[in-house]
Amino acid sequence: MMAKLQPVRGTHDLLPADARRHQHIIAVFRDIAERYNFGQIETPIFEFTDVFDRSLGETTDVVTKEMYTFIDRSGDSLTLRPEQTAGIARAFISNGLAQNLPLKFYSHGPMFRHERPQKGRQRQFHQLDVEILGVAEPQADIEVIALGSHLMESLGLTDKVMLELNTLGDTDSRKAYRDVLVEYFSDHKADLSEEAQDRLGRNPLRILDSKDKNDRAVVAGAPAMSAYLNAASTDFFASVVDGLDALGIAYQRNEQLVRGFDYYTHTAFEFTTELLGAQSAVLAGGRYDGLIESMGGQPTPGIGWGSGIERLAMLLEFVPEANRPVVIVPIGDAAAKQGLLLLQELRHAGVTADMGAKGNVGKRMKQANKANANYAILLGDDEIAGGVVTLRDLDGGEQTEVARDVIVSQLSNRA
RNA sequence: GUGGCUGUAGCUCAGUUGGUUAGAGCGCCGGAUUGUGAUUCCGGAGGUCGCGGGUUCAAUUCCCGUCAGCCACCCCA
């Protein structure tokens with residue numbers, strides 16, 4: 001391999017076939033999000049570091065060791081966004097959007113995390129994202145999950161993913177449970193892994209989804225989160241579940257499901273798969289009623305999810321084909337000019353068309369074949385003199401003369 | 001950040017028990033075919049054997065380091 005010009009670790013070029021796959025996912029997503037009456041929002045791919053520090057939780061791994069943070073020429077600390085929600089929350093506050101509640105946003109674009117790459121994990125990756133701001137009712141939870149489910153269905157991934165669902169309860173419930181959990185884990189501290197012992201002080205809920213065998217044994221005996229939910233939290237979750245049932249959206253309760261960022265409350269969910277190696281989450285999100293307030297805005301409930309485009313792409317069986325071009329094969333100098341004109345007419349008429357820059361007829365026909373062209377248009381002195389064009393069907397091999405003045409409409413109608 | 005495996009042509013891979021000019025298939029370019037595309041035939045280009053250092057008369061091969069890829073841990077989309 002060339003040693004010199006390498007892409008930065010964990011980044012990838014999307015060549016046309018991959019780019020088409022990504023664009024297909026994005027197109028399906030946009031179509032569905034628009035049908036759910038979400039509006040597109042684009043926030044910058046970098047923000048003041050503070051935006052992420054304060055929102056994600058200072059002890060989370062993303063903040064402590066995965067952010068791409070740098071000092072710009074003005075001396076400000078900036079960070080490439082590791083996720084989308086914080087940026088949207090910031091935009092909500094910056095633009096004074098509290099006047100327009102409720103708001104439904106969708107977005108997509110690159111995210112950055114400084115992690116060791118592996119299957120389904122890159123340093124620059126792309127996410128789809130939806131957020132609903134200003135709706136405290138379970139209907140928003142249901143709608144956002146339904147949108148995710150709809151997306152899976154439209155991408156043909158329903159059989160490959162499973163919806164896992166949990167509730168973290170409101171702030172009071174979460175705090176109560178946390179205290180009980182810390183007490184329980186402290187009693188079993190000796191049996192926990194080093195990682196888990198470390199997390200006990202920082203983020204005890206995360207011990208629940210540890211993969212360590214010993215940890216799992218301890219977790220199995222831990223008090224259940226559901227037992228510590230207050231009435232309001234229990235009712236809220238019951239409403240979410242009712243809604244999903246009514247819509248026929250299957251899910252599996254997973255009481256160990258804990259999301260990575262501190263801002264989550266109530267509903268937490270993930271569409272997971274077993275087909276991506278160690279990575280399981282394909283689409284994940286939850287409710288974050290305290291986030292905007294903690295960032296300095298008016299108290300505003302929110303819920304949303306993010307979904308990794310690369311991960312979706314790896315599961316996708318459908319690979320969209322590129323348009324097959326019509327390729328013009330000019331023969332002679334006069335035809336080269338006439339060819340350019342015809343090329344322009346075809347393109348303006350909506351036909352994917354191309355014309356090579358050099359080569360004799362044989363060479364050009366080979367090029368047309370390689371370009372996966374469905375038709376070749378041969379244009380030489382004979383055709384020009386007769387006011388026609390020779391249209392060759394490259395799949396069947398039939399060749400016919402078509403009047404020059406109808407060829408464009410004939411081909412555009414076919415497409 | 002930690003660990004395991006792997007780096008030979010654009011791609012997929014052989015190979016050298018350390019020894020003159022490192023191979024194949026596919027792909028690419030040209031010709032047979034300057035008005036006709038799979039195929040076929042002929043010819044050609046393309047490698048400082050990831051990079052750096054060490055051992056050796058000699059390293060693509062052995063050793064060390066480094067970078068990268070893959071996979072896993074951690075964590076997450």
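These are my notes on two places in a predicted model: a helix pair and helix H13.

**Ground rules.** I kept local features to pLDDT of at least 70 and side-chain atom pairs to pLDDT 80 or more, while totals for chains, interfaces and linings use all residues. Residues count from 1 along each chain as its sequence is written, chains are lettered from A and ligands numbered from 1 in the order written, and side-chain values use heavy atoms, without hydrogens or water.

**Entry 1: H1 and H5.** I looked up how H1 (residues 16-35) meets H5 (residues 138-154); helices are DSSP runs of H or I, at least four residues, and strands are runs of E, at least two, numbered from the N terminus. Their axes come within 10 Å and cross at roughly 140 degrees (lines fitted to C-alpha atoms over the stretch in contact, angles from 0 to 180 degrees between N-to-C directions). I then listed the contact (heavy atoms within 4.5 Å): H1 brings Val28, Phe29, Ile32, Ala33 and Arg35, and H5 brings Leu147, His150, Leu151 and Ser154.

**Entry 2: H13.** Next I checked which residues of H13 (residues 361-370) are buried, meaning under 20% relative accessible area with a 1.4 Å probe, protein chains only, and found Arg364, Met365 and Ala368. They sit on the same side of H13 because their arc around the axis, taken from the directions to the C-beta atoms, is only 100 degrees. On the other side, I found Lys366, Asn369 and Lys370 exposed (over 50%; partly exposed lies in between). The buried residues pack against strands S12 (326-330), S13 (353-355), S14 (375-379) and S15 (388-393).

**Entry 3: ends of H13.** At the start, a side-chain oxygen of Asn360 reaches to within 3.2 Å of the backbone nitrogen of Gly362. After H13 I noted Asn372, with a positive phi near 65 degrees.

How values were computed:
Polar contact = N/O pair within 3.5 Å; in protein donor to acceptor, adjacent residues only side chain to side chain.
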